[in-house]
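Subject: Structure handover and notes

Dear colleague,

I am passing on the structure we spoke about, together with my notes on its architecture. Please open it alongside this message and read the notes against it.

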Amino acid sequence: MAADPSTAPLPGGEFLLATCHGGAEEVLRDRLLALLPGARPGAWRRGVVTIRLPPATRVPDDPSAGRLAACAFARALVHCHGQVTGADAVTLAAAVAALPVAASASHLHVWQRDPRPSRETADTPDAAVARATAALVAAIPGLTPGTAPEGAPVVDVVIDDERRWWVGWHRAGSVPARHPGGVIPVPAPADMVSRAWLKLDEALTAFAVDLEPGQRAVELGAAPGGASQRLLAAGLGVVGIDPALVDPRVAGHPGFTHWRKRARDVRLRELVGFDWIVTDMNIDPTSTLEALGRIATARGVRARGIIATLKLPEWSRAAGLDGWLATIRGWGYAPRVRQLASGGREVCVVALRRPRHRATRPPGE
Ligand SMILES: C[S@@+](CC[C@H](N)C(=O)[O-])C[C@H]1O[C@@H](n2cnc3c(N)ncnc32)[C@H](O)[C@@H]1O
């Protein structure tokens, strides 16, 4: 029987490897180091960060499922075996096959760091991933590529370039960890009004949020309407607040109402009775939180959940993240956070209301 990958020898000590949105490396590294006292920075490339753990540190088999999820910027977080190098995919796959982890995994995740077509080869990330996957499946019998069932041991191969792959493993615990690179495939509907449809769909899946038909949602920053379109598709009634125009395909939906104004111009008594507060405004994250806090803490507003996009004008603004999450906790909600693969320089916060919590109202409300 195959050995558990967590008992496989790890040459050179225990490293973690995280892949992220290109540009988020420094923020991700700093957040991981803050969560792992005594850890040291390892190598980094665009879209890849490695961290050396201090001896005897225990990290779950699915590192992305535990407290390290709070690092927010890791799309995938895995135990790292280091790199293999070679002239082509077949040679590289043979080197992976010789590692103990190859014998102990049932599934295979292959992805490319910070995927962009290579200028030199005019190759596409998809072609490079397909070639590597074919070579690995041929070299390691019994590995199933692609989405893994919950709990499956997975061997991870991150394509750095044509001659260098990173190799690791994890157990498919959380929803994102079941998908290669933590990227949850989202099928885009043909009539999608904006990319916000994809972001909301990914957030609902990644955070396992159940929307129920008949619930009511209010969206701050709703135009042109992709996220509202996704909410409507789930059977919700939606009020979209935005001074800008909403696409006629959403505006004309019988379940949709457009309040054509800014969030702060909406009277609080109009916001009673909503189950979800969704926001995706292209304003500073502190202004988004102000607008959200005004509503979430208003008398009579008892939304069960908040789904908020916080835009980061610069990556360095991620330094405010823990403070923002503390503010949301003060409103009586339990926030979780993730930078979505379908999003840009921003984070998605999903916060469900904690039972019997008295919200801290912002001053002046
Ligand atoms: C990224 S777009 C939103 C995309 C939208 N959620 C969708 O699903 O298509 C940002 C929107 O925020 C709106 N916005 C910015 N400041 C706002 C405010 N104070 N109140 C309401 N909407 C605002 C803008 O007009 C813009 O339409």
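Across which strands does helix 1 (residues 25-35) lie, and at about what angle does helix 1 run to strand 3? Before the answer, please keep in mind that this is a predicted model. Helix 1 lies across strand 1 (15-19), strand 2 and strand 3, and its direction makes an angle of about 20° with strand 3.

Overall division

The domain assignment splits the protein into domain 1, covering 5-182, and domain 2, covering 196-353. The C-alpha centres of domain 1 and domain 2 are 32 Å apart, and the contact draws eleven residues from domain 1 and eleven residues from domain 2. On the side of domain 1 that touches domain 2, the residues comprise six nonpolar, three polar and two charged.

The eight-stranded sheet

The strands touched by helix 1 belong to an open sheet of eight strands, which has mixed pairing and the order 2-3-1-4-8-7-5-6. Strand 2 (40-45) and strand 6 (144-145) are found at the edges of this sheet, and because each has a single partner strand, one side of each is left without a neighbour in the sheet. The partner of strand 2 in that order is strand 3 (residues 48-52), to which strand 2 is joined by four bridges in an antiparallel arrangement; within this pairing Arg45 stands opposite Val48 in strand 3. Further along the chain, Ala72 sits in the loop between strand 3 and strand 4 (76-85), and its phi is near 70°, which is a positive value in a residue other than glycine.

Helix 4 (residues 125-139) lies across another set of strands, namely strand 5 (107-112), strand 6 and strand 7 (153-161), and runs at about 150° to strand 5. Helix 4 also meets helix 2 (residues 89-97), the two axes coming within 8 Å and crossing at roughly 45°. Helix 2 and helix 4 are therefore oblique to each other, and helix 2 passes helix 4 in a right-handed crossing. From helix 2 the contact is made by Ala89, Val90, Ala93, Ala94, Val96 and Ala97, and from helix 4 by Arg131, Ala132, Ala135, Leu136, Ala138 and Ala139. Sorted by class, the residues of this contact comprise eleven nonpolar, no polar and one charged.

The seven-stranded sheet

There is also an open sheet of seven strands, again with mixed pairing, whose order is 11-10-9-12-13-15-14. Strand 11 (256-259) and strand 14 (333-338) stand at its edges, each with a single partner strand, so that one side of each is left without a neighbour in the sheet. From one strand to the next, the twist averages 20°.

Within this sheet, strand 9 and strand 12 (residues 276-279) pair in the parallel sense over four bridges, and Leu220 stands opposite Thr279 in strand 12. Helix 8 (residues 285-296) lies across strand 9, strand 12 and strand 13 (305-311), with a direction of about 165° to strand 13. Helix 9 (residues 321-330) packs on the sheet as well, touching strand 13, strand 14 and strand 15 (346-353), and the direction of helix 9 makes about 150° with that of strand 14.

Helix 5, helix 6 and the loop before helix 6

The axes of helix 5 (residues 196-206) and helix 6 (residues 226-233) come within 6 Å and cross at roughly 50°, which makes helix 5 oblique to helix 6. The crossing of helix 5 past helix 6 is right-handed. Helix 5 contributes Ala196, Trp197, Leu200 and Asp201 to the contact, while helix 6 contributes Gly226, Ala227, Gln229 and Arg230; taken together, the residues of the contact divide into four nonpolar, two polar and two charged.

One backbone feature deserves a look in the loop between strand 9 (216-220) and helix 6, where Pro224 is placed. The peptide bond from Ala223 to Pro224 is cis, with omega near 5°.

With best wishes

Definitions and conventions: Residues are numbered from 1 along each chain as its sequence is written. This is a predicted model: local features need pLDDT of at least 70, side-chain atom pairs count only at pLDDT 80 or more; totals for chains, interfaces and linings use all residues. Axes are lines fitted to C-alpha atoms, for helices over the stretch in contact, and angles run from 0 to 180 degrees between N-to-C directions. Helices (H or I, at least four residues) and strands (E, at least two) are DSSP runs, numbered from the N terminus. Angles under 35 degrees count as roughly parallel, over 145 as roughly antiparallel, 65 to 115 as roughly perpendicular and the rest as oblique. A crossing is left-handed if the near helix is turned anticlockwise from the far one by less than a right angle, and right-handed if clockwise. Two residues are in contact if their C-beta atoms, placed from the backbone, lie within 7 Å. Ala, Val, Leu, Ile, Met, Phe, Trp, Tyr, Cys and Pro count as nonpolar, Asp, Glu, Lys and Arg as charged, and the others, Gly among them, as polar. Domain bounds come from an automatic or database domain assignment. Two strands pair if DSSP finds at least two bridges between them.
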